[in-house]
Amino acid sequence: KRYPVICIDGPSGAGKGTVTWRLAQSLGYQLLDSGALYRIVGLKAFEAGLVSADAKRPIDEEALLQLTQSLDIVFVPNNESGRVDILVNGEAVGEQVRNETIGGYASQIAVFPKVRQALLELQQNMATRSGLVADGRDMGTVVFPDADVKVFLTASATARAERRVAQLLRAGQTADFEAILNTIKARDERDENRTTAPSKPAEDALVLDSSMLDADTVYELVKKQCQDKG
Ligand code: C5P
């Protein structure tokens, strides 16, 4: 049996995570945070010395593939945090994978076709048990080309950097707007220009720019798209 699939793609900070979580809750679907998969591989690759912080050292694709294949990754929804908890080889991976440094490692390893291929089946299998809301860069283009609903949620780099700054300040941390903007741009650049599965809207995706929209409005618009397509 084939279950419904909703794809929410787009760059980081456009609001995908929030809308994905709310949709999954309201529809009773599973949630696939595909970025977390790439973040975990990025983190493990950094720990194994395969990835450098400055992104300048060449990466050994075969070693990276072996590392990826050695990871058993499981998602567990956490209603308290409104996110999924992640288990890697039975061990919980904390919120640390969400930081921008790990995002940078993720985008370095995400350019390799063999790594993407190794993660493909795990992602596609998630749609074999129940309906799925999948969030990432290539959900609508590569992983679920036949999805029922495809949304590409974007926002200007400035708007995304401002949100990130606000988020860090709320968490009592310091934030450097220019530095954050530059990291966001560097990651976009790598994700959009890679050869394999670049970040871009599927031909049949609804493209939504959230620069001027609040989270509730984005959610309502995406929900309406699901109803129209459902
Ligand atoms: O969405 P998130 O910011 O967590 O993703 C981290 C990185 O993982 C992205 O910048 C991108 O390089 C990679 N990624 C990807 N394909 C996906 C999801 C994430 O290449 N479907």
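## Close-up views of a predicted model

**View 1. The residues around the ligand.** Fourteen residues make up the surroundings of the ligand, and of these 14, G35, Y38, S107, A110 and G136 come nearest (a residue is near a molecule or strand if its C-beta atom, placed from the backbone, lies within 6 Å of it). Three elements, α2 (34-47), α4 (100-109) and α8 (177-193), each give two or more residues to this shell. Helices (H or I, at least four residues) and strands (E, at least two) are DSSP runs, numbered from the N terminus. The biggest share comes from α2, which gives the most with 4 residues. Sorted by class, the shell has 3 nonpolar, 6 polar and 5 charged residues; here Ala, Val, Leu, Ile, Met, Phe, Trp, Tyr, Cys and Pro count as nonpolar, Asp, Glu, Lys and Arg as charged, and the others, Gly among them, as polar. Bear in mind that this is a predicted model, where local features need pLDDT of at least 70 and side-chain atom pairs count only at pLDDT 80 or more, while totals for chains, interfaces and linings use all residues. Residues are numbered from 1 along each chain as its sequence is written.

**View 2. The five-stranded sheet and two of its helices.** Here 5 strands line up as β2-β6-β1-β7-β8 in an open sheet with parallel pairing (two strands pair if DSSP finds at least two bridges between them). At the edges stand β2 (30-33) and β8 (206-209), each with a single partner strand, so one side of each has no neighbour in the sheet. From one strand to the next, the twist averages 20 degrees. Look for β7 (residues 149-154) beside β8: the two pair in the parallel sense over 4 bridges, and F152 sits opposite V207 in β8. Helix α1 lies across β1, β2, β6 (132-136) and β7, running at about 175 degrees to β6. Helix α2 lies across β2 and β6, at about 50 degrees to β6. Axes are lines fitted to C-alpha atoms, for helices over the stretch in contact, and angles run from 0 to 180 degrees between N-to-C directions.

**View 3. The loop between β1 and α1.** An unreviewed UniProt entry places a "binding site" at G10, P11, S12, G13, A14, G15, K16, G17 and T18; such annotations may be inferred rather than shown by experiment. G10 is found in the loop between β1 (5-9) and α1 (16-27), and G15 has its place in the loop between β1 and α1 too. G10 counts as buried because it has 27 C-beta neighbours inside 10 Å, and G15 is buried with 24 other C-beta atoms within 10 Å. A residue is buried if 20 or more other C-beta atoms lie within 10 Å of its own, exposed if 12 or fewer, and partly exposed in between, with C-beta atoms placed from the backbone. Leaving aside neighbours within four places in sequence, G10 is in contact with K16, F152, L153 and T154, and G15 with L153, S210, A215 and V218 (contact means C-beta atoms, placed from the backbone, within 7 Å).

**View 4. The three-stranded sheet and its hairpin.** This open sheet of 3 strands runs in the order β3-β4-β5 with antiparallel pairing. β3 (73-78) and β5 (91-93) stand at the edges with a single partner strand each, so one side of each is left without a neighbour in the sheet. The twist averages 35 degrees from one strand to the next. Between β3 and β4 (residues 83-88) there are 6 bridges; N78 stands opposite R83, and V74 has L87 as its bridge partner. The hairpin of β3 and β4 has 4 residues between the strands, and there G82 takes a positive phi near 70 degrees. β3 is hardly covered, with 0 buried among its 6 residues.

Conventions
Two residues are in contact if their C-beta atoms, placed from the backbone, lie within 7 Å.
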